[in-house]
Amino acid sequence: MGKQYAREPAVAKNSAKARASDLRTHFKNTYEVARALKGQTLAQALKYLQDVLQHNRCVPFTRFNGGVGRTGQAKEFGRSQGRWPEKSVRIVLSLLQNLAANAQVKNLNNDKLIINHVQVNRAQKGRRRTYRAHGRINPFLSSNAHVEIWAAQKDENVKKEANNKVVARQSRKQAARSKLAIGA
């Protein structure tokens, strides 16, 4: 049995999934890129990431934002801090393209797919070493990431059936009295 997703979609036949493990990209940047995509359609997400690569739109930094510079492009998201993390954007973009291919295999309409679940976890650190003065050696660690994404087709809105029965609301006192009359 292979690795499992953290969550499964409610209706598996109407959704497509993609995941990647142990990516050599910064966890914090990838987290912010993926978080910006949640709730977008697949087409919107692909266009957004292309715009980030061209520096026309930014990725808002919300959680890991210590020392992140400010940009006017972040106003779109109600933030002031944002960046353009190219490596993370390219990796998430390739995952979205994989997701689109998986959806095509399932005969799903890519225009109706909405990204419902995005999760980025820390992966095992990559260990290298850096050589310092006086013969010392220090660790030189990389902070890798696992990413999983799934998108589901939006359900059609079904009109609620008209309820012909009108139930009169009762106060607590009236409800208690009617219970007493029934029980007696």
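User: Which residue stands opposite alanine 145 in E7, on the side where leucine 23 is to be found or elsewhere, and how should I read such a pairing?

Analyst: This model is predicted. In a sheet, one reads which residues face each other across paired strands. Here leucine 23 stands opposite alanine 145 in E7. Arginine 122 also stands opposite alanine 145 in E7.

User: In which sense do E1 and E7 pair, and over how many bridges?

Analyst: E1 and E7 pair in the antiparallel sense, over 7 bridges. E4 and E7 are likewise antiparallel, with 9 bridges. Within that second pairing, valine 118 stands opposite isoleucine 149 in E7.

User: In what order do the strands lie in the sheet?

Analyst: The order is E1-E7-E4, and these 3 strands form an open sheet with antiparallel pairing. E1 and E4 stand at the edges with a single partner strand each, so one side of each has no neighbour in the sheet. On average, neighbouring strands are turned by 10° against each other, direction ignored.

User: What packs on this sheet?

Analyst: Helix H1 packs on the sheet and touches E4 and E7. The direction of H1 makes about 165° with that of E4.

User: At what angle do H1 and H3 pack?

Analyst: For two helices, one reads the angle, the distance between axes and the residues that meet. H1 and H3 pack at about 45°, and their axes are 9 Å apart. Angles from 35 to 65 degrees fall outside the parallel and perpendicular ranges, and H1 and H3 are therefore oblique to each other. The crossing of H1 past H3 is right-handed. At the contact, Asn29, Thr30, Val33 and Leu37 in H1 meet Ser88, Val89, Val92 and Leu96 in H3.

User: Which residues touch the most other members of the largest nonpolar core?

Analyst: In soluble globular proteins, nonpolar side chains tend to be buried together. The largest nonpolar core here has 38 residues, and Leu37, Leu49, Leu96, Leu99, Ile115 and Ile149 touch the most other members. Among the elements that give two or more residues to this core are strand E1 (15-23), helix H2 (42-53) and strand E7 (145-153). H3 gives the most, with 9 residues.

User: Why is E7 largely enclosed by the rest of the structure?

Analyst: Of the 9 residues of E7, 7 are buried, so the strand is largely enclosed by the rest of the structure. As for isoleucine 149, its contacts beyond four places in sequence include Tyr5, Ala16, Val92, Leu96, Ile115 and Val118.

Definitions and conventions. Residues numbered from 1 in each chain as written. Predicted model: local features only at pLDDT ≥ 70, side-chain atom pairs only at ≥ 80, totals over all residues. Heavy atoms only, no water. Core = buried A, V, L, I, M, F, W, Y, C linked by side-chain atoms within 4.5 Å. Buried < 20%, exposed > 50% of the residue type's maximum accessible area, 1.4 Å probe, protein only. Helix = DSSP H or I, 4+ residues; strand = E, 2+ residues; numbered from the N terminus. Contact = heavy atoms within 4.5 Å. Pairing = 2+ DSSP bridges. Axes fitted to C-alpha atoms, helices over the stretch in contact; angles between N-to-C directions. Parallel < 35°, antiparallel > 145°, perpendicular 65-115°, else oblique. Left-handed = near helix turned anticlockwise from the far one by under 90°.
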